Amino acid sequence: MYLKEGDKEWPKEEVPKIGFLWWYQDDYIYMIISNNHPRIPIRKIILGANHGACGTTGQTSYPVDLNIDIQPAHFAAVRLSNDLLFKFAYQLSGKLNDEEQKRWSSGRTDRNDCFNILNAWFSGF
């Protein structure tokens, strides 16, 4: 995901109002993201993921282009590849430590235990 010249950041105080629910299935992460803002659409998000239990400090940020505008008072289903998130984390950190290697090893279905949305952007009105 790349920010473009016309992209605008959501008001920081509004970001916690983005609603989402997620589950892991068949090597994909599925998210339902809802826009609770009265007038600003969502186009892109920064997704935070903990690779240990929720509340641990090992969080990595993943930029996600939703490829659609989620309009105010609407929601969208998004499918993310866990392997793509792994590759992004590897490129970001250069080398995974022992705990991360165990957490991201193949065959595990709990590789991402906790997500939150750290930021959001929208394209002009």
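**A short tour of a predicted model**

Hi everyone, let me begin with a pair of strands: β2 and β3, the latter covering residues 28-34, run antiparallel and are joined by seven bridges. Please keep in mind throughout that this is a predicted model.

Let me stay with that pair for a moment. β2 and β3 form a hairpin, and two residues lie between them. One residue to look for in the turn is D26, which has a positive phi of about 50 degrees. If you would like to follow the pairing on your screen, try W23, whose bridge partner in β3 is Y30. Another place to look is L21, which stands opposite I32 in β3.

Now, which strands make up the sheet that this hairpin belongs to? There are three, in the order β2-β3-β6, and they form an open sheet with antiparallel pairing. The edge strands are β2, residues 19-25, and β6, residues 75-81, each of them pairing on one side only. On average, neighbouring strands here are turned by 20 degrees against each other, ignoring direction.

We have seen the β2 side of β3, so let us turn to β6. How many bridges join β3 to β6? Seven, and these two strands also run antiparallel. To find your way, look for I33, which stands opposite A76 in β6.

There is a nice side-chain detail to show you too. The charged end of R79 sits over the ring of Y28, at 3.9 Å from the ring centre. As for pairs of aromatic rings, the structure holds one.

My favourite residue comes next, and that is N35. You will find N35 in the loop between β3 and β4, where β4 covers 42-50. Is N35 buried or exposed? N35 counts as buried because its relative accessible area is 0%, which is under the 20% cut-off.

What does the side chain of N35 meet there? One of its polar atoms lies 2.9 Å from the backbone nitrogen of H37. On the oxygen side, the backbone oxygen of I40 is 2.7 Å from a polar atom of the N35 side chain. If we set aside neighbours within four places in sequence, the residues in contact with N35 include W10, P41, I70, P72 and H74. Also among them are I42, Q71 and A73.

Let me step back to the whole chain. It holds two helices and seven strands. Reading along the sequence, you go through β-β-β-β-β-β-α-α-β. The chain has 125 residues, and 40% of them count as buried. Taking the contacts with a separation of 6 or more, 69% are between residues 24 or more positions apart.

For one example of residues far apart in sequence, go to G6, in the segment before β1, which is residues 7-9. G6 and F122 are separated by 116 residues in sequence, while their C-alpha atoms are 8.6 Å apart in space. How accessible is G6? G6 counts as partly exposed because its relative accessibility is 45%, whereas N35 is buried.

So, to leave you with one picture: β3 is joined by seven bridges to β2 and by seven to β6, and N35 sits in the loop that leads from β3 to β4. Thanks for listening!

Technical notes: Residues numbered from 1 in each chain as written. Predicted model: local features only at pLDDT ≥ 70, side-chain atom pairs only at ≥ 80, totals over all residues. Heavy atoms only, no water. Pairing = 2+ DSSP bridges. Helix = DSSP H or I, 4+ residues; strand = E, 2+ residues; numbered from the N terminus. Axes fitted to C-alpha atoms, helices over the stretch in contact; angles between N-to-C directions. Buried < 20%, exposed > 50% of the residue type's maximum accessible area, 1.4 Å probe, protein only. Polar contact = N/O pair within 3.5 Å; in protein donor to acceptor, adjacent residues only side chain to side chain. Contact = heavy atoms within 4.5 Å. Phe/Tyr/Trp six-rings, centres within 6.5 Å; stacked < 30°, edge-to-face > 60°. Lys NZ or Arg CZ within 6 Å of the ring centre and 35° of its normal.
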